[in-house]
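Please open the structure in your viewer and keep the sequence beside it, so that each selection can be followed in both. The tour goes from one stop to the next, with a short account of what is there.

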Amino acid sequence: MDVDTVVLDIDGVLLDVADSYRQAVVDSVDRVYGETVDREAIQAFKDAGGFNNDWLVTDAVALYVLAGQAGYEADIGTFTDDIAAHGGGLEGAEATLAAELPNATFEEIVDEWDPDELREVFQALYLGADLYRELEASEPPFETAGYIHDEPVVVDPETLDVLTDRYNVGVVTGRPAAEATIALDRAGIEVDDAHRFTMDNWEQGKPHPHALMTLADRFGSESVVFVGDTLDDIETAVNAASEDPETIYKGIGVLTGGLTGESGREKFTTAGAAAVLESVNELPEYLN
């Protein structure tokens, strides 16, 4: 492929976050509401679209658990399919329950639902007490070591050497800026602030194409590939191609996140992926 710019997602591409972010989703809901879902269920929420960060996934899982405690009987697959039908994301989750439950029951669920507490617990679990004090500038609600230390590096140093030598390299992620810096340091890649978009400097989030298009403009790119592990990543590239026809945008899916095997390949392809790779380490050979 005649490409001049490679844009990378972080989670599921550079680092494996199954035991960190995804575990924090499950455990946060359990700590706050005494019940939760299996970690494998998180992928169904991701596939529904619109969940640009795991705080939003946590909120949606909490709504599902609270609804179940109030008598809602749909399984995860049905719930997340309905979220997708309602436009995805947290708004889709709320719309689904509002349509399925009596008004009084839905209002009781919303009253009990506490995204602020969920976020506080999530950050305490994920960051651990020491980083929580540093990044959140307050005392954590409890002491933990932090799941952030359980993020194996997926990308090989040789892969990064090739990519940074041959291409402009940017980052688009749903992580907060400070956590993105920690992850990039762990992966062993330096990316200028002007060439990374995080939760802190990108209001819309994926799959909105603003970040990808802005990076293309800043690099003066003619052809961009965006490598991600979710369907929203692929849709981001598809949307950018639609909005900016003067630049070539291609989404490439990797099977090191929640989408795996042949079913993962099929979902990526259906979403419009130009290619599906086993991992980002296959990217240099694919682009060559």
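## First stop: helix 5

Select Gly89, Leu90, Gly92, Ala93, Thr96 and Leu97, which are the buried residues of helix 5. Because they cover an arc of only 160° around the axis, they are placed on the same side of helix 5. Now turn to the other side of helix 5, where Glu91 and Ala99 are exposed. To see what covers the buried residues of helix 5, add helix 3 (54–69), helix 4 (76–85) and helix 6 (103–112), which are included in that cover. Keep in mind throughout that this is a predicted model. With the whole of helix 5 selected, residues 89–100, you have 12 residues that reach 17 Å from the first C-alpha to the last, close to the 16 Å expected at 1.5 Å a residue.

## Second stop: Leu163

Next, select Leu163, which is found in helix 8 (residues 157–166). Is Leu163 buried or exposed? Its relative accessible area is 1%, and because buried means under 20%, Leu163 counts as buried. Show its surroundings as well: leaving aside neighbours within four places in sequence, Leu163 is in contact with Val6, Val169, Leu283 and Pro284. Of these, Pro284 deserves a separate selection, since it is 121 residues apart from Leu163 along the chain, while their C-alpha atoms are separated by 6.7 Å.

## Third stop: helix 9 and the loop after it

Move on to Ala178 in helix 9 (residues 177–187), a residue that counts as partly exposed at 36% relative accessibility. If you add Asp200, you have a pair that is 22 residues apart in sequence and 9.1 Å apart in space, C-alpha to C-alpha.

Then select His195, in the loop between helix 9 and strand 3 (196–197). His195 is buried, with a relative accessible area of 18%, and, not counting residues up to four places away in sequence, it touches Val169, Gly170, Val171, Leu215 and Phe219.

## Last stop: two backbone details

Most residues other than glycine have a negative phi, and most peptide bonds are trans. With that in mind, select Lys206 and Pro207, which are joined by a cis peptide bond with omega about 10°; Pro207 lies in the loop between strand 3 and helix 10 (210–219).

Finally, select Ala137, in the loop between helix 7 (115–136) and helix 8. The phi of Ala137 is near 55°, a positive value in a residue other than glycine, and at 67% relative accessibility Ala137 counts as exposed.

Note on methods. Residues numbered from 1 in each chain as written. Predicted model: local features only at pLDDT ≥ 70, side-chain atom pairs only at ≥ 80, totals over all residues. Heavy atoms only, no water. Helix = DSSP H or I, 4+ residues; strand = E, 2+ residues; numbered from the N terminus. Expected span 1.5 Å × (residues − 1). Buried < 20%, exposed > 50% of the residue type's maximum accessible area, 1.4 Å probe, protein only. Arc of directions from axis to C-beta. Contact = heavy atoms within 4.5 Å.
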